[in-house]
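Reader: I've just opened this one and don't know my way around yet. Could you walk me through it?

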Amino acid sequence: MTVIRLYNSKTRRREEFVPINSQNVRMYVCGPTVYDRAHLGNARPAIVFDVLFRFLRAVYGPEKVTYVRNFTDVDDKINARASETGRTIREITDETTEWYLDDMASVGVLEPTHMPRATEWIGAMKDMIAELISKGHAYEAEGHVLFSVGSYDDYGQLSGRSIDDMIAGARVEVAPYKRDPMDFVLWKPSGEDTPGWDSPWGYGRPGWHIECSAMSYEMLGESFDIHGGGNDLQFPHHENEIAQSRCAHPHGDFAKVWMHNEMLQVEGKKMSKSLGNFFTVRDLLDAGVLGEVIRYVMLSTHYRKPMDWTEAKAKEAERTLRKWYAKVEKADVTAGLPSEILEALAEDLNTPKALSILHDFSSSDRISELAISMQLLGLMGDRPPSWATAPDIDLSEYQAMLAEAREVAMQTKDFSKVDQIKSRLLNAGVEVRMSKDGVELLPSGGFDAAKLEGL
Ligand code: AMP
Ligand code: ZN
């Protein structure tokens with residue numbers, strides 16, 4: 001069997017991965033807070049852990065991997081969105097959840113085995129909070145329940161921070177009801193305009209961290225194999241998950257291996273609304289960037305390195321994928337997985353290496369291996385996507401027509417003829433690319449020659 005080695009953020013080393021039970025390999029990944037479209041950065045953990053899920057299924061068997069990714073549907077950002085828009089919380093979270101699933105499916109992400117919504121597991125959270133209070137790890141104060149950080153000696157081990165660093169780094173909220181500024185909220189009171197549930201500590205709602213501890217316990221048990229998420233979650237979220245789970249279930253290990261993806265940037269800069277380089281997955285798809293292209297670009301950087309989204313990479317990815325899809329259209333996909341690909345992924349999910357092996361398969365015309373490996377990486381379903389299987393047609397006549405019209409328009413400054421030709425082509429399912437180097441025409445799967453008649 002393939003020897004898998006994964007970098008464990010908890011021990012800061014690459015370790016051999018041995019599942020607790022190879023008949024049920026268990027993984028939990030923190031999912032989105034559902035109040036808005038997923039931005040491109042949010043797609044990174046979804047894609048990274050999807051590759052890991054596919055890989056583990058390939059190694060241990062498709063039925064032997066349980067993957068849980070939650071939806072955070074109770075959160076103050078959602079409450080704020082509801083009061084801004086006058087819509088109900090449920091409308092917002094239902095709609096955003098659908099969007100998320102659609103957008104992730106567009107970039108080839110499989111649905112995890114379980115996708116619990118926090119609001120459906122409030123009972124499990126209350127049980128865990130009660131357990132923590134009874135064991136002396138949490139206390140009630142002014143309608144709140146707080147976790148007592150001082151009661152757990154190993155607090156800070158995951159992120160390797162001292163208590164002072166943590167206080168400074170997290171801008172810890174100092175509240176009169178806290179015994180210690182590091183203590184964090186397990187339960188808080190709700191008013192009339194915030195969602196709430198009855199509890200032994202009054203009408204209220206859970207703090208953010210408890211949901212992952214409670215839901216992972218319900219679905220995966222007190223010890224499971226892998227916990228993942230973006231490295232922005234390492235502190236305080238994951239540190240708090242560990243404290244809650246280890247204190248409520250002292251006989252369990254909680255997660256054995258912690259995996260964190262690095263952040264995504266855009267053209268070398270942090271993605272942010274104020275820099276004007278913030279976009280959602282849907283924005284890109286609507287602008288004509290293909291889901292497979294987004295996925296390929298994501299996989300071209302190792303998950304533990306910061307990744308830079310650039311237009312140049314997307315263009316290059318599309319060229320590569322078009323070339324590969326043309327080759328694998330009639331490939332035999334019944335053979336086993338090539339060992340080279342499994343070995344690359346077994347080395348801490350080395351997806352850039354895996355892509356370079358695909359390039360080798362392509363250039364040495366190992367077509368069946370190329371196709372099977374593309375399927376494993378989620379770059380292709382059973383067959384190439386419809387956009388890539390354009391009919392083999394000669395568009396050179398239209399290409400020459402457009403180039404000539406452009407020449408003329410440069411002189412006359414009248415581009416109406418160019419625009420007319422372009423819109424006819426687009427309408428017939430041909431993508432038009434014009435640059436200083438010339439005109440490129442790319443027919444799609446939906447190409448309709450009849451729509452070009454008389455042009
Ligand atoms: P959120 O909905 O903010 O809780 O984030 C959902 C997931 O996206 C978490 O695993 C975050 O760590 C991850 N994430 C957020 N921003 C980025 C980014 N710029 N690059 C990579 N991952 C991100
Ligand atoms: Zn979490």
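Author: Here are some questions and answers about the ligand site, the rings and a few backbone details; keep in mind that the model is predicted.

Reader: Let's start with the ligand. Which helix gives the largest share of the shell around ligand 1?

Author: In total, 15 residues surround ligand 1, and among the closest are Gly41 and Asn42. By class, that shell has six nonpolar, six polar and three charged residues. Four of the shell residues come from one helix, residues 40-60, and this largest share belongs to helix H1.

Reader: How far is a polar side-chain atom of Asp232 from an oxygen atom of ligand 1?

Author: Asp232 is listed with the closest residues around the ligand, together with Gly230 and Leu264. Here the contact is made by a polar atom of the Asp232 side chain, facing an oxygen atom of ligand 1, and the distance is 2.4 Å.

Reader: And the backbone? Which residue has a backbone N or O atom 2.8 Å from a nitrogen atom of ligand 1?

Author: One backbone contact comes from Thr33, with a polar backbone atom 3.2 Å from an oxygen atom of ligand 1. The one you're after involves a ligand nitrogen instead, and at 2.8 Å from that atom sits the backbone of Leu264.

Reader: How much of ligand 1 does the protein bury?

Author: Picture the ligand taken alone: ligand 1 then exposes 500 Å². With the protein around it, the buried part of that area is 84%.

Reader: On to the rings. Phe17 and Tyr60 form an aromatic pair, but how many residues apart are they?

Author: A search of the whole structure turns up nine aromatic pairs. In this one, the ring centres are 6.5 Å apart and the planes are at 80°, an edge-to-face pair. Phe17 is in the loop between strands S2 and S3 while Tyr60 is in helix H1, so the pair links distant parts of the chain. Along the sequence, they are 43 residues apart.

Reader: Are Phe17 and Tyr60 buried or exposed?

Author: The cut-off for buried is under 20% relative accessible area. Phe17 has 7% relative accessibility, so Phe17 falls below that limit. Tyr60 has 10%, so Tyr60 likewise counts as buried.

Reader: Which residue's ring does the charged end of Lys273 sit over?

Author: Rings show up in other settings too: ring pairs link Phe224, Phe254 and Trp258 into a cluster. There's also a charge over a ring where the end of Arg57 sits 5.0 Å from the ring centre of Phe53. For Lys273, the distance to the ring centre is 4.6 Å, and the ring belongs to Phe278.

Reader: Now the backbone. Which residue does a cis peptide bond join to Phe235?

Author: The omega angle of this bond is about 0°. The partner is a proline placed in helix H7, residues 234-248. That residue is Pro236.

Reader: What is the phi of Glu267?

Author: Glu267 lies in the loop between strands S11 and S12. At 47% relative accessibility, Glu267 counts as partly exposed. Although Glu267 is not a glycine, its phi is positive, at about 45°.

Reader: Last one: is Gly454 buried or exposed?

Author: Gly454 lies in the segment after strand S15. From Gly454 to Ala400 there are 54 residues in sequence and 16 Å in space, C-alpha to C-alpha. The cut-off for exposed is over 50%. Gly454 has 82% relative accessibility, so Gly454 counts as exposed.

Note on methods: Residues are numbered from 1 along each chain as its sequence is written. Chains are lettered from A and ligands numbered from 1 in the order in which they are written. This is a predicted model: local features need pLDDT of at least 70, side-chain atom pairs count only at pLDDT 80 or more; totals for chains, interfaces and linings use all residues. Side-chain values use heavy atoms; hydrogens and water are left out. A residue is near a molecule or strand if one of its heavy atoms lies within 4 Å of it. A polar contact is a pair of N or O atoms within 3.5 Å; within protein, one must be able to donate a hydrogen and the other to accept it, and residues adjacent in sequence count only if both atoms are side-chain atoms. Accessible areas come from the Shrake-Rupley method with a 1.4 Å probe; for residues, only the protein chains shown count as cover. Helices (H or I, at least four residues) and strands (E, at least two) are DSSP runs, numbered from the N terminus. Ala, Val, Leu, Ile, Met, Phe, Trp, Tyr, Cys and Pro count as nonpolar, Asp, Glu, Lys and Arg as charged, and the others, Gly among them, as polar. Rings of Phe, Tyr and Trp (its six-membered ring) pair if their centres lie within 6.5 Å; planes under 30 degrees apart count as stacked, over 60 as edge-to-face and the rest as tilted. Buried means under 20% relative accessible area, exposed over 50%, partly exposed in between (1.4 Å probe, protein chains only). A charge sits over a ring if NZ of Lys or CZ of Arg is within 6 Å of the ring centre and within 35 degrees of the ring normal.
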